[in-house]
Amino acid sequence: MLADAPNGVNFAAAPGVLWDHRVCAYRAPASKYSALKRWLLAAGVRFEDISNRPRYAQAAWSDVDLRTYQEAALSAWELAHRRGVVALPTGSGKTRLALAAMQRTQLSALCLVPTRVLLEQWSKEISAVYRGLIGCYGDGVRRVAPVTVATFEGAYRHMNELGGRFDLLVVDEVHHFGGGLRDEALEMAIADARLGLTATPPRDPGTATCLRELMGPTVFELAVADLAGGFLASFDVITLYLDLSSEERSAYANLSAIFRGVYADFRRAAPEANWADFSRHSACTSAGRRALAAWRQMRRLLSFTHAKQRALRSLLERHRDSKVLVFTADNDTAYAIAREHLIMPLTCDISRPERADVLEHFRRGDLRALVSARVLNEGLDVPDADVAVVVGGALGEREHVQRIGRLLRPSEGKRAIAYELVTRDTIEVGQARRRRRGLATRSSGQL
Amino acid sequence: MLPDRLVSYSIAGALVVPHFLGAHDHPWLRSLLEEHERFVGRRQRDLDARLRQPLPCESPPGKLKLALEVLRRLQRGQRNAGMVPPRRARAMVFLGAAGTADAPAAVLAKVAASLGVTASDLRDSLFADLPGERLVGAPGQPVSAVELALRGNLALVQRLLSHATVLRIDVEGNTRVLVRHTKWRGLICAVAEQIGQDGASLEISGPFALFRNTRLYGRALGELIPLLAWCPRFRLQAECVLDGRRLTLQLASGDPIFPASPPRQYDSRTEERFARDFRRLAPEWDILREPKPITADRTLIFPDFALQHRSDPGQRWLLEIVGFWTPDYLARKLASYREARVARLILCMDADRNCADTDLPPGALVVRFRRRVDAEAVLRALRSVENADGGRRGTGDVVSGHGDRRILDAGHGVQTDHDAS
């Protein structure tokens with residue numbers, strides 16, 4: 001807020017500044033802080049900066065060694081005036097890159113992460129190279145330090161307290177921003193230096209533009225294929241096309257007819273509309289609600305068909321000496337598989353301490369397989385898996401790329417395998433094609 | 001907060017009309033409560049399965065889901081029915097299975113034997129802590145159909161307000177509770193007097209709302225709703241953005257919303273103790289909490305107390321306790337009182353505030369305190385003024401010129417401005 005603004009200065013031309021009639025003062029979003037200061041200086045306006053000055057992270061950092069591509073990524077970020085997004089595949093060491101950025105800039109830093117599990121994980125990684133107190137905002141804790149880790153939700157709720165205290169903003173899984181949800185958290189931070197990390201930068205032009213505004217441009221990007229066979233493990237993706245049983249086919253056909261009739265009408269009337277528009281529109285009519293219900297039942301039917309059950313049994317048997325991750329579309333399927341094959345499920349219903357125990361057992365090799373719907377999709381450091389079985393998915397290509405990334409931690413002579421179970425002549429065929437396209441554009445001949 | 005999928009409303013022009021649970025819903029709500037009670041101690045999934053079948057009375061599906069969610073949140077902690085603690089069962093079974101080539105049935109039988117339970121019990125224990133497997137619990141306190149409806153409506157409105165960008169409330173009485181809440185939650189509250197009426201108009205929004213239609217403050221705005229029940233009259237308009245459309249939600253006194261528990265009568269222990277001491281010391285005076293706000297420039301000030309003599313209502317003083325506040329806040333507050341130029345104002349100032357005498361409003365009686373406001377000193381001060389003035393001025397009179405400012409350090413008698421310097 002600009003209090004007691006002098007007369008004779010055209011503040012309407014200042015970056016981001018608006019007149020706030022509620023408090024009779026000029027106000028700008030915190031993200032414009034540096035630009036506004038530069039503008040005020042250039043305009044010759046004398047002012048006193050009474051913002052909560054950022055504190056410097058003076059506690060000792062240990063050196064952070066980087067691989068060659070990480071060094072290149074950090075240099076690209078520095079050259080972009082410490083503002084931009086680095087896109088690297090899962091397992092390629094994005095967190096380490098962020099640690100190096102913090103260590104080399106020595107700036108007070110706020111790291112935003114999507115989940116509470118990652119909050120712990122980041123705090124642990126930082127503590128390995130930084131000897132100062134590490135702040136935490138999230139999971140019921142509110143502690144600020146020159147290096148602080150916060151969940152997206154914690155930051156969103158408390159950015160009025162955090163936004164003015166840091167010079168560097170690091171955002172893990174930055175693709176969650178740019179779509180409007182919680183973007184304010186980034187707008188309410190004064191940090192000029194911003195580093196976004198992702199394995200899957202957004203493709204939608206609107207989101208990409210918005211993210212560029214919030215974090216800066218994509219300054220460095222490597223695909224899975226660029227690192228596979230060297231810094232990441234080589235891998236194969238094998239798609240198994242399966243059939244429905246006659247009962248399943250009949251039920252599927254009935255449901256499909258209910259859905260397709262309504263959907264086709266909608267598409268004819270609104271060819272530009274998307275799925276969200278269809279859901280909204282359908283919820284208002286009884287035929288629409290029936291169509292949505294049919295859609296959900298189709299998804300449920302396809303989630304774990306008889307053929308998928310048989311295929312999974314066979315694959316688990318074939319790879320019983322490997323470390324296997326099974327991915328499902330929903331928690332119910334994950335529990336069904338857990339009960340049938342006695343594989344430990346990792347879901348949102350399992351407490352975090354138990355999840356940590358489970359991952360430790362998996363790391364040590366006491367557990368050879370895990371089954372999960374979404375918990376393993378993103379961010380979690382899951383070591384040394386070498387086989388993935390994708391029984392189903394709900395979130396498209398981004399989810400698929402993240403899941404495949406779980407296999408890519410390299411080791412001597414490792415070649416990972418990902419199996420996709422796809423039911424012929426169903427909506428799964430199109431879904432599988434789309435999600436593979438997402439993977440293919442980020443890799444090359446390895447697939 | 002409720003998920004959006006449970007929020008039921010219709011749109012009429014630019015208005016969003018929540019589908020409240022009303023008296024016509026009470027019959028099926030009673031049936032729901034009876035069914036729920038019948039399933040206490042049984043698995044949640046059994047209750048869910050029962051409720052997928054119709055209740056004896058017709059129940060609108062959307063409203064039923066809303067009521068169920070509210071009821072679920074009222075339950076005490078849910079237990080699970082596992083013979084073996086589920087986490088222990090999982091650890092033993094899944095680790096056991098990973099370490100052997102035996103078939104799952106054999107693994108279960110072996111682990112069950114080691115625990116002294118049947119394989120079936122062990123299998124049931126594996127996920128007995130999942131939401132659907134937990135046992136239905138009774139609500140913490142008995143709930144009637146009426147209360148369930150009111151709680152459902154509150155949850156519904158609060159969820160709708162999570163999409164709100166600004167609230168406008170015309171309110172009579174208890175305004176201070178609302179203003180205090182907005183301040184506590186970091187919202188901006190512009191307060192204006194309602195011309196010719198005995199109330200105030202509040203416009204409440206968040207700082208960042210200037211830049212975008214943000215939902216950042218929706219939760220804080222929603223928290224105001226149960227407080228409104230303690231305002232004798234109110235009319236609320238909320239600007240919401242729902243499905244990309246700008247819509248208005250309207251509420252007014254009498255709408256069926258579950259009220260908050262009574263608001264705290266006092267802001268601090270200091271205020272509470274002062275009120276108690278003053279009542280005891282001066283039975284001939286009434287001490288009124290939260291008197292009518294006074295106008296200063298374009299805003300309103302809310303004094304903490306009015307002190308009024310029982311037999312002579314002309315002897316009426318406003319009293320403000322200025323305790324531990326930031327310098328900025330203190331400066332603004334004093335500026336407002338100076339602007340308002342209220343006669344018969346007593347300011348009880350924390351002696352540690354280091355406030356310059358020139359900052360104080362003209363005509364105000366100042367009593368300094370440490371930790372505890374001395375009711376006797378306040379009484380002594382106002383009596384001495386009343387005796388001197390002979391009751392010539394009434395509250396709300398504007399002080400002409402700069403009247404004497406009387407400053408009192410607790411226990412040291414009344415001093416004039418000149419004496420104090």
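## Contact between helix 9 and helix 11

In this predicted model, helix 9 of chain A meets helix 11 of chain A through two sets of residues. Helix 9 contributes A:Glu248, A:Ala251, A:Tyr252, A:Leu255, A:Ser256, A:Ile258, A:Phe259, A:Val262 and A:Tyr263. From helix 11 come A:Ala287, A:Gly288, A:Arg290, A:Ala291, A:Ala294, A:Trp295, A:Gln297, A:Met298 and A:Leu301. By class, this contact holds 13 nonpolar, three polar and two charged residues.

Helix 9 covers residues 246–269 of chain A and helix 11 covers residues 286–303. The two pack at an angle of about 145 degrees, and their axes lie 8 Å apart. The crossing of helix 9 past helix 11 is left-handed.

## Helix 11

The buried residues of helix 11 of chain A are A:Ala291, A:Ala294, A:Trp295, A:Met298, A:Leu302 and A:Ser303. Among them, A:Ala291, A:Ala294, A:Trp295 and A:Met298 also take part in the contact with helix 9.

Helix 11 of chain A has 18 residues, so at 1.5 Å a residue it should span 26 Å. The C-alpha atoms at its ends are 26 Å apart, in agreement with that expectation.

## Contact between chains A and B

Chain A puts 22 residues into the contact with chain B, and chain B puts in 23. On the chain A side, strand 1 (18–20), helix 13 (331–341) and helix 14 (352–364) each supply at least two residues. Helix 13 of chain A gives the largest share, three residues.

By class, the side of chain A that touches chain B has nine nonpolar, three polar and 10 charged residues.

Notes: Residues numbered from 1 in each chain as written. Chains lettered and ligands numbered in written order. Predicted model: local features only at pLDDT ≥ 70, side-chain atom pairs only at ≥ 80, totals over all residues. Axes fitted to C-alpha atoms, helices over the stretch in contact; angles between N-to-C directions. Helix = DSSP H or I, 4+ residues; strand = E, 2+ residues; numbered from the N terminus. Left-handed = near helix turned anticlockwise from the far one by under 90°. Contact = placed C-beta atoms within 7 Å. Nonpolar A, V, L, I, M, F, W, Y, C, P; charged D, E, K, R; others polar. Expected span 1.5 Å × (residues − 1). Buried ≥ 20, exposed ≤ 12 C-beta atoms within 10 Å, placed from the backbone.
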